[in-house]
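Here are some comments to read with the model open beside you. They are meant to be followed point by point, with each named place looked up as you go.

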Amino acid sequence: MKREKLSSRLGFILLSAGCAIGLGNVWRFPYIVGQYGGAAFVLIYIACLLLLGLPIIIMEYAVGRGSQKSIALAFDELEPRGTKWHIYKWFGMGGNYLLAMYYTTITGWLLLYFFKTLRGDFNGLDATAVGNQFSSLINQPLTMFIFMTITVILCFGICSMGLQNGVEKITSKMMVALLILMVALGINSIFLKGGQGGLEFYLKPNLAAIQEVGIGKVIFAALGQSFFTLSIGIGAMTIFGSYIDKKHALAGEALHVLALDTLVAIMAGFIIFPACFAFGVEPSQGPKLIFVTLPNIFNHMFLGQLWGALFFLFMSFAALSTVIAIFQNIIGFSSDLTKVSVKKSSLINAIVIIVLSLPCILGFNVLQNITPLGAGTNIMDLEDFIVSNNLLPIGSLIFLLFCTSKYGWGFKNFLKEANEGKGIKFPTWARLYVSYVIPLIILWIFIQGYISTFIK
């Protein structure tokens with residue numbers, strides 16, 4: 001069966017960026033910037049993206065385009081006879097299911113908050129009452145189940161329409177709408193009275209703030225954020241590599257995706273930091289920034305109900321684009337392994353994901369006594385830890401070694417695939433760097449992740 005292709009280069013860039021763009025950009029990035037010193041952190045983060053994230057994305061694309069398969073069969077297709085690289089496919093596929101098991105719940109929250117803000121549920125509430133809205137939500141498993149199910153059905157419905165007519169067409173429009181919303185929200189925040197302090201915090205590097213936090217902690221946070229925002233290591237980028245032609249070299253394509261991903265993260269800061277400073281809110285509020293702090297800010301803003309609804313619509317688009325990409329990956333390896341049709345795979349996997357997402361939802365209420373990573377943690381924390389602290393770094397290391405080792409696909413084969421077509425080429429001189437330096441950095445991130453989780 002001939003593999004379906006994307007209709008355009010722009011479609012590939014927007015679809016790949018949609019996979020990378022998600023809650024890591026528009027939720028985690030702003031509060032990490034707030035916690036680690038503002039503008040100086042942003043500069044370190046961008047450097048880490050280019051030095052760490054870019055080579056790994058290129059390798060995932062190369063494995064996908066070279067094999068014309070998803071992660072389910074990509075290693076089988078390219079590995080030397082008798083080697084066992086293909087064993088990792090089970091971990092990569094498991095990572096996509098695990099990511100879907102909690103990402104759909106968070107996306108459901110965002111959809112619900114869009115409707116709640118549009119309806120005016122936060123109007124007239126003080127900060128405590130706004131916080132109680134979220135506390136009440138996570139104690140309503142049926143409500144969370146309904147919006148998680150809506151997310152699953154909506155996204156698998158789009159995937160079932162096919163790669164070009166469903167995923168590419170709708171994700172492209174969603175990404176354009178997301179960028180337009182970001183510009184409108186950013187302009188509104190920038191011109192808020194008292195918001196200039198937020199712009200200064202965000203745009204003017206303050207080395208003293210870096211020194212206060214600790215340069216080592218800042219670099220680790222920047223490496224971790226650059227690493228995890230791109231969804232690399234579980235085959236999410238491999239599938240899109242398998243859909244593109246050989247007209248363009250992969251380094252240039254990866255740079256376009258990276259630039260769009262970074263633009264969205266940077267723009268999220270322009271939305272959030274001026275608003276925080278305008279209303280006297282600490283920008284380092286952590287995860288509660290989105291669901292507790294920002295609704296309170298919009299509640300006190302001129303036309304806040306409108307801007308709040310637009311903000312949660314933008315957040316929903318960012319999350320939905322990632323869920324669609326995850327589901328397309330799941331459908332891709334289901335089709336590669338079983339040859340089942342896209343529609344049948346969508347239906348079966350929709351039921352599977354809905355069932356698998358239940359522990360995450362129940363972990364906030366019925367199963368709240370289960371604290372797998374220690375006091376104050378829940379099932380979602382465990383699922384995220386398995387993906388973010390284990391499968392993403394280990395998977396990225398596997399891709400690196402596979403593309404550079406003579407016992408894997410090998411650097412020569414990788415370079416030939418990556419550099420086929422016009423555009424920016426992957427440099428031959430980088431072989432030592434990607435073979436030895438990046439693997440050591442990834443191991444450091446992996447170890448530090450365990451230290452920060454279990455050694456308080």
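**Notes on the helix packing and selected residues**

1. In this predicted model, helix 3 passes helix 20 in a left-handed crossing. The axes of these two helices cross at roughly 115 degrees and come within 11 Å, helix 20 being the run of residues 431-454. Because angles from 65 to 115 degrees count as roughly perpendicular, helix 3 and helix 20 are described as roughly perpendicular to each other. To find the place where they meet, look in helix 3 for L51, L52, P55, I56 and M59, which face Y433, V434, I438, I441, I442 and I445 in helix 20.

2. Helix 3 also packs against helix 18, which covers residues 379-404, and here the angle is about 65 degrees with the axes 10 Å apart. That angle makes helix 3 roughly perpendicular to helix 18, and the crossing of helix 3 past helix 18 is left-handed. On the side of helix 3 the residues involved are I56, M59, E60 and V63, and they meet S396, F399, L400, F402, C403 and T404 in helix 18. I would ask you to notice I56 and M59, since these two residues of helix 3 are listed in the meeting with helix 18 and are listed again in the meeting with helix 20.

3. Further along in helix 3, which spans residues 39-67, you will find R65. Is R65 buried or exposed? Its relative accessible area is 1%, and since buried means under 20%, R65 is buried. Its contacts, once neighbours within four places in sequence are left aside, are with G241, S242, I244, D245, K246, H248, L250, E417, A418 and E420. With E420 there is also a polar approach, as a polar atom of the R65 side chain lies 3.3 Å from the backbone oxygen of E420.

4. After helix 3, please look at Q68, which is placed in the loop between helix 3 and helix 4 (71-78). Although Q68 is not a glycine, its phi is positive, at about 60 degrees. Q68 is partly exposed, with a relative accessible area of 25%.

5. A similar point of backbone geometry deserves a check at K339, where phi is near 65 degrees, a positive value in a residue other than glycine. K339 sits in the loop between helix 15 and helix 16 (342-356), and with a relative accessible area of 56% it is exposed.

6. S334 belongs to helix 15, which runs over residues 304-338, and at 13% relative accessibility S334 counts as buried. What does the side chain of S334 reach at 2.8 Å? The partner is the backbone oxygen of I330, while a further polar contact, of 3.3 Å, joins the side chain of S334 to that of N349. Not counting residues up to four places away in sequence, S334 touches Y97, K339, V340, S345 and N349, so that the K339 discussed above appears again here, among the residues that S334 touches.

7. On the cysteines, how many disulfides does the rule give? The count comes to zero. C155 takes part in no disulfide, and the nearest cysteine sulfur to that of C155 belongs to C159, 7.0 Å away. Seen from the other side, C159 is likewise in no disulfide, its nearest cysteine sulfur being that of C155 at 7.0 Å. A disulfide requires sulfur atoms within 2.5 Å, which is the cut-off to keep in mind when you read that distance. Both residues count as buried, C155 at 0% relative accessibility and C159 at 1%.

8. Finally, L260 is found in helix 13, residues 250-278, and is buried with a relative accessible area of 13%. Which residues does L260 contact when neighbours within four places in sequence are left aside? They are L14, A17, I21 and L179. For L14 the separation along the chain is worth following in the sequence, because L14 and L260 are 246 residues apart along the chain, yet their C-alpha atoms are separated by 8.3 Å, and contact here means heavy atoms within 4.5 Å.

Conventions:
Residues are numbered from 1 along each chain as its sequence is written. This is a predicted model: local features need pLDDT of at least 70, side-chain atom pairs count only at pLDDT 80 or more; totals for chains, interfaces and linings use all residues. Side-chain values use heavy atoms; hydrogens and water are left out. Helices (H or I, at least four residues) and strands (E, at least two) are DSSP runs, numbered from the N terminus. Buried means under 20% relative accessible area, exposed over 50%, partly exposed in between (1.4 Å probe, protein chains only). A polar contact is a pair of N or O atoms within 3.5 Å; within protein, one must be able to donate a hydrogen and the other to accept it, and residues adjacent in sequence count only if both atoms are side-chain atoms. Axes are lines fitted to C-alpha atoms, for helices over the stretch in contact, and angles run from 0 to 180 degrees between N-to-C directions. Angles under 35 degrees count as roughly parallel, over 145 as roughly antiparallel, 65 to 115 as roughly perpendicular and the rest as oblique. A crossing is left-handed if the near helix is turned anticlockwise from the far one by less than a right angle, and right-handed if clockwise.
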